[in-house]
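Here is a note to read with the structure open beside you. Take the points in order, and find each residue on screen as you go.

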Amino acid sequence: LTQAPDIPPNVTDMRACFHGCTSLTQAPQIPANVTGMSSCFSGCTNLTQAPDIPPNVTDMRACFAFCTSLTQAPDIPASVTNMSWCFSRCTKLISVTLKCNYNNGTDVDGTHHFKNTFKNCSSLKQGMIKVPVGQFETYKANAGIMGTTADRFAKDE
């Protein structure tokens with residue numbers, strides 16, 4: 001699969017939809033009603049730009065994991081509560097803006113909701129992860145859980 005088809009507007013769950021589509025270079029528009037995107041684009045190694053994420057998405061577990069060509073991330077909406085492994089191994093990712101609050105919750109298997117979100121994101125530099133002003137200290141304090149360092153966070157003003 002090199003180009004994704006249009007997604008019908010009534011779709012609400014895109015879990016693993018394009019998982020492992022290594023030749024996919026362009027993502028489709030995500031319908032407004034989607035709430036679940038876990039592993040949606042995981043392993044899409046030729047994807048360079050992510051689509052806009054609808055405002056009701058809550059689950060982005062491993063959504064862009066192993067997208068090794070991804071340089072631009074979409075803004076992560078305030079509704080997101082689970083993004084464990086979301087950008088893990090996105091080695092070319094240079095910036096991201098999180099509009100969501102940090103979530104200390106865990107899945108039924110015990111995985112922390114924000115575990116390894118940025119693990120091995122080697123191109124993310126100091127101040128390149130923008131977070132809500134009121135969450136800045138919380139994100140910095142939990143950088144290790146997220147697979148990054150505190151200096152990579154900055155206030156989204």
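The numbered points below go from the whole chain to single residues.

1. **What kind of model this is.** Please keep in mind that you are looking at a predicted model. The values in this note are computed from that model.

2. **Secondary structure.** Start with the broad layout of the protein chain, which has 1 helix and 3 strands. If you walk along the sequence, these elements appear in the pattern β-β-α-β. Three of them will come up by name: strand S1 covers 96-97, strand S2 covers 129-132, and helix H1 is made of residues 136-141.

3. **Overall size.** How does the radius of gyration of the protein chain fit the rule for a compact globule? A compact globule of 157 residues would be expected to have a radius of gyration near 15 Å, and the 14 Å of this chain agrees with that. Along the principal axes, the C-alpha trace spans about 40 × 35 × 30 Å.

4. **Inside and outside.** Of the 157 residues in the protein chain, 48% are buried. The accessible surface comes to about 7300 Å², and carbon and sulfur atoms supply 47% of that surface. Contacts tell you about the fold as well: among those with a separation of 6 or more, 39% join residues 24 or more positions apart.

5. **Charges.** The protein chain carries 12 positive and 11 negative charges. If you take the mean position of each set, the two points lie 9 Å apart.

6. **A stacked pair of rings.** There are 8 aromatic pairs by the rule used here. One of them joins Phe18 and Phe41: the ring centres are 5.5 Å apart and the planes meet at 10°, so the pair counts as stacked. Both residues sit in the segment before S1, yet they are 23 residues apart in sequence, so the pair ties together separate parts of the chain. Are these two residues buried or exposed? Phe18 has a relative accessible area of 3%, which makes it buried, and Phe41 is buried too, at 0%.

7. **An edge-to-face pair.** Now compare the rings of Tyr102 and Tyr139, which form an edge-to-face pair with centres 5.6 Å apart and 85° between the planes. Tyr102 belongs to the loop between S1 and S2, while Tyr139 is in helix H1. The two tyrosines are 37 residues apart, and their pair links distant parts of the chain. Both Tyr102 and Tyr139 are buried.

8. **An aromatic cluster.** Go back to Phe18 and Phe41 for a moment. Together with Phe64, Phe87 and Phe118, these residues form one aromatic cluster. Try colouring the five side chains to see them as a group.

9. **Ser42, a buried serine.** Ser42 is found in the segment before strand S1. Why does Ser42 count as buried? Its relative accessibility is 6%, and buried means under 20%. Leaving out residues up to four places away in sequence, Ser42 touches Phe18, His19, Gly20, Ala62, Cys63, Ala65 and Phe66.

10. **Ser122, a partly exposed serine.** Ser122 lies in the loop between S1 and S2. With a relative accessible area of 46%, Ser122 is partly exposed. Look for Lys92 as well: Ser122 and Lys92 are 30 residues apart in sequence, and their C-alpha atoms are 7.1 Å apart in space.

11. **Ala16 and its backbone.** What is the phi of Ala16? The angle is near 60°, a positive value in a residue other than glycine. Ala16 lies in the segment before S1, and at 38% relative accessibility it is partly exposed. Beyond its neighbours within four places in sequence, Ala16 contacts Ser38, Ser39 and Cys40. The C-alpha atoms of Ala16 and Cys40 are separated by 4.1 Å, although the residues are 24 apart along the chain.

12. **Asn120, another positive phi.** Asn120 is not a glycine either, and its phi is positive, at about 60°. You will find Asn120 in the loop between S1 and S2. A relative accessible area of 38% makes Asn120 partly exposed.

Key: Residues are numbered from 1 along each chain as its sequence is written. This is a predicted model: local features need pLDDT of at least 70, side-chain atom pairs count only at pLDDT 80 or more; totals for chains, interfaces and linings use all residues. Side-chain values use heavy atoms; hydrogens and water are left out. Helices (H or I, at least four residues) and strands (E, at least two) are DSSP runs, numbered from the N terminus. The radius of gyration is taken over C-alpha atoms; the globule rule is 2.2 Å times the number of residues to the power 0.38. Buried means under 20% relative accessible area, exposed over 50%, partly exposed in between (1.4 Å probe, protein chains only). Contact means heavy atoms within 4.5 Å. Accessible areas come from the Shrake-Rupley method with a 1.4 Å probe; for residues, only the protein chains shown count as cover. Lys and Arg count as positive and Asp and Glu as negative; His and the chain ends are not counted. The place of a charge is taken as NZ of Lys, CZ of Arg, CG of Asp or CD of Glu. Rings of Phe, Tyr and Trp (its six-membered ring) pair if their centres lie within 6.5 Å; planes under 30 degrees apart count as stacked, over 60 as edge-to-face and the rest as tilted.
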